[in-house]
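Q: I would like a close look at the enclosed space inside this protein, with the surrounding elements described where they help.
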Amino acid sequence: MQFHHHGYVSGDPRVQPAAGVGINRPDDLPDEVDVLIVGSGPAGMLTAAQLSQFPGVTTRIVERRPGRLAIGQADGIQARSVETFQAFGFAERITAEAYWITEMAFWRPDAEDPTKIVRGGRAKDDETGISEFKHLIVNQARVLDYFAEVAANSPTRLVPDYGWDFQTLEVADEGEYPVKVTLVRSAGPDEGAERTVHAKYVVGADGARSKVRASIGCTLAGDKANHAWGVMDVLASTDFPDIRLKCAIQSHDGGSILLIPREGGHLFRMYVDLGVVPEDDNGHVRNTSIEQIIAKANEIMRPYTVEVRNVAWHSVYEVGHRLTDRFDDVLPEQLGTRTPRVFITGDACHTHSAKAGQGMNVSMQDGFNIAWKLGHVLEGRSPESLLSTYSAERQVVAKNLIDFDKTWSTMMAKKPEEFEDPSELEDFYVRTAEFPAGFMTEYTPSLIIGEAAHQELATGFPIGKRFTSAMVSRVCDTNPLHLGHQATADGRWRIYVFADAANAGAPSPVADFAEWIANSPDSPLAATPSGADCDAWFDVKVIYQQKHEDIDLNAVPAVFKPEVGPFRLNYLEKVFGTDPAADIFELRGLSRNGVVVVVRPDQYVANVLPLTATAELAAFFAPLLPARLPAQ
């Protein structure tokens with residue numbers, strides 16, 4: 001973590017100096033904002049936390065609740081989300097307080113006495129080592145707390161505006177702030193008062209009953225719910241031996257349970273199968289009492305018993321899978337004629353069951369995706385056309401999620417005798433591990449995803465998929481660390497330069513590349529605003545094939561040691577050697593002739609190019625950067 005480059009810092013380095021709109025930020029909601037976020041759930045809070053890193057962008061987030069969320073319904077945190085938390089600076093702290101899922105047990109009817117259940121198998125949660133991060137269980141409220149802390153400590157000092165309920169919006173054809181938003185005070189002494197805010201852009205993160213979605217004419221379409229589950233977070237006395245282990249429990253004729261231990265010990269969650277919902281039920285199943293849910297759980301878990309001593313939360317829901325056909329306000333007939341002004345994220349545009357543990361995780365990635373793009377457009381880094389990629393990218397991801405969740409939900413609801421093999425559920429869980437871990441997203445070629453013309457140079461960094469970290473050795477201080485963990489959620493593009501076999505300072509392709517990217521008018525770095533640090537928009541790192549002790553730091557090209565801050569101090573932490581215990585070139589299939597890997601601000605690989613393909617690199621970034629004035 002760098003924090004002394006502007007002068008000595010004696011306080012908490014996570015509290016960044018106020019800058020831009022964060023200086024003398026007004027407490028009251030202003031009449032005009034750049035971005036208005038509606039809803040402070042996971043998608044909304046991540047969007048806010050990312051936009052809070054752009055000092056020149058006025059972002060406000062409104063929430064109808066009077067204050068922070070106390071108890072959230074979501075709790076499963078996949079490894080991809082923990083990678084994201086790492087970029088925002090709180091992965092270590094949230095991991096320390098969370099429950100870690102390392103195994104899952106599968107219980108099924110005893111072949112000798114089907115009225116009883118027995119453990120039929122166990123499965124490692126990440127048997128193939130998909131990620132260095134753990135699969136966590138932690139309450140949604142705590143996730144929101146951490147993102148709120150990031151936003152409050154940011155240069156813009158962003159905090160939620162509680163007690164404002166969104167009513168409707170209108171998008172004008174012109175004007176600097178074309179989105180007119182009507183709000184009503186939902187808490188406080190002036191409850192009921194109406195207010196109008198004008199915004200350049202609006203992000204709807206207001207849940208499955210989204211009013212923002214309704215305002216732009218989107219509707220959720222999909223399968224009608226036909227199966228109900230009771231869910232409860234409880235403290236209980238039980239003789240069930242795997243109560244602190246994630247379990248899929250199938251009884252002979254009583255239904256099934258998904259058991260999720262919760263953080264903090266003792267507390268656990270059960271998703272209890274309530275069966276098929278009749279067509280004429282008219283929501284009656286939602287009146288199922290907590291006592292009925294507990295009784296059903298005991299019926300399924302026979303011969304074991306669960307004596308509930310305390311109920312923290314419970315609910316009943318019907319499994320339904322719904323998806324909108326677009327995630328912004330641009331109608332199909334308007335595609336290519338205008339750019340979007342309103343976006344929807346999370347449950348506002350995709351709903352599914354909770355048992356796959358994907359809702360909060362995918363919603364946060366929605367927010368990550370749109371937030372950096374809005375920041376780049378509003379700061380003048382990129383054209384408005386960048387915003388059209390949001391709906392195109394995330395709608396496909398949501399469709400894949402719903403398809404997976406349909407399969408998983410259907411399998412969880414099956415009776416044991418309906419499986420061809422008793423281990424079918426366990427086998428599916430292991431076989432599809434990469435999807436629920438959050439690593440199956442693969443964006444297709446677009447304005448911000450290049451063609452895979454040179455993919456063979458970096459087979460372990462598939463274009464369109466998230467950047468998979470690996471260990472390296474930092475030269476300046478000899479520390480072994482994860483390369484991917486050095487990328488913070490600061491809105492910058494990453495350019496990883498994996499060097500050829502030559503030593504630092506010797507004539508080589510990497511030396512030629514360094515000269516080009518530092519000095520060529522076609523280099524993306526040339527777009528960096530005058531007066532800003534030379535790495536303000538692009539974080540360029542070099543990874544040599546040699547061990548750190550064999551690399552002469554003084555011989556490394558200056559572009560990999562940029563001068564930063566008012567004192568023009570050399571930033572030495574961008575130069576790496578290989579870790580002798582785990583060579584990143586071998587682990588990630590990197591060409592020994594060298595390769596450039598371009599990574600987006602939201603951690604997805606955007607391009608893979610040879611060191612010599614400077615023209616291709618310039619062409620990739622040209623439509624994403626401000627037009628350059630001809631030399632005078």
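How much space lies in the second largest cavity?

A: The second largest cavity holds about 50 Å³ of space, where a cavity is a set of points on a 1 Å grid over the protein atoms alone at which a 1.4 Å probe fits but cannot get out, and a volume is the space filled by probe spheres set on those points, joined across faces, edges and corners. The model is predicted, with local features requiring pLDDT of at least 70 and side-chain atom pairs pLDDT 80 or more, while totals for chains, interfaces and linings use all residues. Residues are numbered from 1 along each chain as its sequence is written, and side-chain values use heavy atoms, with hydrogens and water left out.

The lining of this second largest cavity, meaning residues with an atom within 4 Å of a point, consists of His376, Arg381, Ser382, Trp493, Trp537, Phe538, Leu624 and Leu625. By class these are five nonpolar, two polar and one charged; Ala, Val, Leu, Ile, Met, Phe, Trp, Tyr, Cys and Pro count as nonpolar, Asp, Glu, Lys and Arg as charged, and the others, Gly among them, as polar.

The structure holds three cavities of 30 Å³ or more, and the largest has a volume of about 180 Å³. Of the 19 residues that line the largest cavity, Phe467, Gly484, His485, Ala487 and Gln603 are the closest to its centre. That lining divides into eight nonpolar, six polar and five charged residues. Both α2 (79-88) and β23 (493-498) supply at least two of its residues, and α2 gives the most, with four; helices (H or I, at least four residues) and strands (E, at least two) are DSSP runs numbered from the N terminus.

Helix α2 is itself mostly covered, since nine of its 10 residues are buried, which is to say under 20% relative accessible area with a 1.4 Å probe and protein chains only. The buried residues of α2 are Ala79, Arg80, Ser81, Val82, Glu83, Thr84, Phe85, Ala87 and Phe88, and they pack against α1 (42-51), β3 (76-77), α3 (91-97), β7 (135-137), α4 (140-152) and α7 (359-378), with contact taken as heavy atoms within 4.5 Å. Just after α2, Gly89 takes a positive phi of about 95°.

Two of these packing partners can be followed through a single residue each. In helix α3 lies Ala91, which is buried with a relative accessible area of 3% and, leaving aside residues up to four places away in sequence, touches Val82, Phe85, Gln86 and Phe133. Helix α7 contains Ile370, which counts as buried at 0% relative accessibility and, with the same sequence neighbours left out, touches Thr47, Phe343, Thr345, Leu387 and Tyr390.

As for the setting of these cavities, the chain comes to 12 helices and 29 strands, and 56% of its 632 residues are buried. Among its contacts with a separation of 6 or more, 73% join residues 24 or more positions apart. Its radius of gyration, taken over C-alpha atoms, is 26 Å, which agrees with the value near 26 Å for a compact globule of 632 residues, the globule rule being 2.2 Å times the number of residues to the power 0.38.

Note on methods: On a 1 Å grid over the protein atoms alone, a cavity is a set of points where a 1.4 Å probe fits but cannot get out, and a pocket is an open set with protein on both sides within 12 Å along at least five of seven lines; lining residues have an atom within 4 Å of a point. Buried means under 20% relative accessible area, exposed over 50%, partly exposed in between (1.4 Å probe, protein chains only).
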